[in-house]
Amino acid sequence: MQVWVDQRGDIAVLAAAMVLLSLLVWKQDIYTRHRHLYRVVRLSFLAFTFGWLGWYANAQLSVINLLVYFQAPFADLEWTFYMTEPLIVMVAAYTLVSLIIFGRSLFCGWLCPFGALQEILSRLAGFFRIPQIRLSLDTHRRLWWIKYVIWGALIPIAFLSRELMVTTVEVEPFKTAITAHFQREWPFVAYAVGLLIFGMVMERAYCRFVCPLGAGLALLGLSLIHISEPTRRTPISYAVFCLK
């Protein structure tokens, strides 16, 4: 409880941001009709997500958080252990609810600091007319499964060894680019910077093809939507729709 009391200012800011984001999504027809207004609104919120939520508050939801939550029923830990990071808990709870309505798109598109940084850099690349790599639909579909393979590999690792899990989740550059502000050993920095540079020539390349957190959220969202709202789609077509 003391941790939540000590961070009450940050909690209030994040709660206000979540209310604003909910309104932006609910009333999106109002501002998306105007390209310039939409660009201002989106870039302003992404700047908040990267600058305040990520670099200042260090509230970058990570695949390690998702794996730890999955381990909760099998771990001999008090429930209070999972409440010691108030902002992460708030982001995770908001994301869980939004998965039922929007799938993973709300978190990945608006509340992921690394994703926000990628999009901001991608916009800069467009402004400076940096040539872009365009993939064919077939190539995109083949590469699209990589993140699900990574996610599938991380699950047994998480249950086998916590130390190995901490090592393997470095496939995410979040710790280096967001939490540590690039203040780490050069291989980690080179990896994160390389992904960001690649993202400038192929929009959100990491999110689309590598991110295990996005894969895990997509599968969780698929399960939640299936439970809460049965669909007339065939199981295969419905699964593909939710995973994209």
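**Entry 1: His181.** I looked up the accessibility of His181 in this predicted model. His181 has a relative accessible area of 28%. Since buried would require under 20% and exposed over 50%, I recorded His181 as partly exposed. I then located the residue: His181 sits in the loop that runs between H12 and helix H13 (186-201). Its backbone deserved a note as well, for phi of His181 is near 55 degrees, a positive value in a residue other than glycine.

**Entry 2: Phe182.** I turned to Phe182, which is also placed in the loop between H12 and H13. For Phe182 I noted a phi of about 65 degrees, positive although the residue is not a glycine. Is Phe182 buried or exposed? I found neither label to apply: Phe182 is partly exposed, its relative accessible area being 23%.

**Entry 3: the second largest pocket.** I next examined the second largest pocket and recorded a volume of about 350 Å³. The lining comprises 14 residues, and those closest to the pocket centre are Ser62, Ile64, Asn65, Lys175 and Thr179. I checked which elements give two or more residues to this lining and found helix H5 (63-71) and helix H12 (174-179). H12 supplies the largest share, three residues. H12 is thus noted twice in these entries, as a contributor to the pocket lining and as one boundary of the loop that holds His181.

**Entry 4: lining by class.** I sorted the lining of the second largest pocket by residue class. I recorded five nonpolar residues, five polar residues and four charged residues.

Note on methods: Residues numbered from 1 in each chain as written. Predicted model: local features only at pLDDT ≥ 70, side-chain atom pairs only at ≥ 80, totals over all residues. Heavy atoms only, no water. 1 Å grid on protein atoms, 1.4 Å probe; cavity = no way out; pocket = protein on both sides within 12 Å on 5 of 7 lines; lining within 4 Å. Points joined across faces, edges and corners; volume = space filled by probe spheres on them. Helix = DSSP H or I, 4+ residues; strand = E, 2+ residues; numbered from the N terminus. Nonpolar A, V, L, I, M, F, W, Y, C, P; charged D, E, K, R; others polar. Buried < 20%, exposed > 50% of the residue type's maximum accessible area, 1.4 Å probe, protein only.
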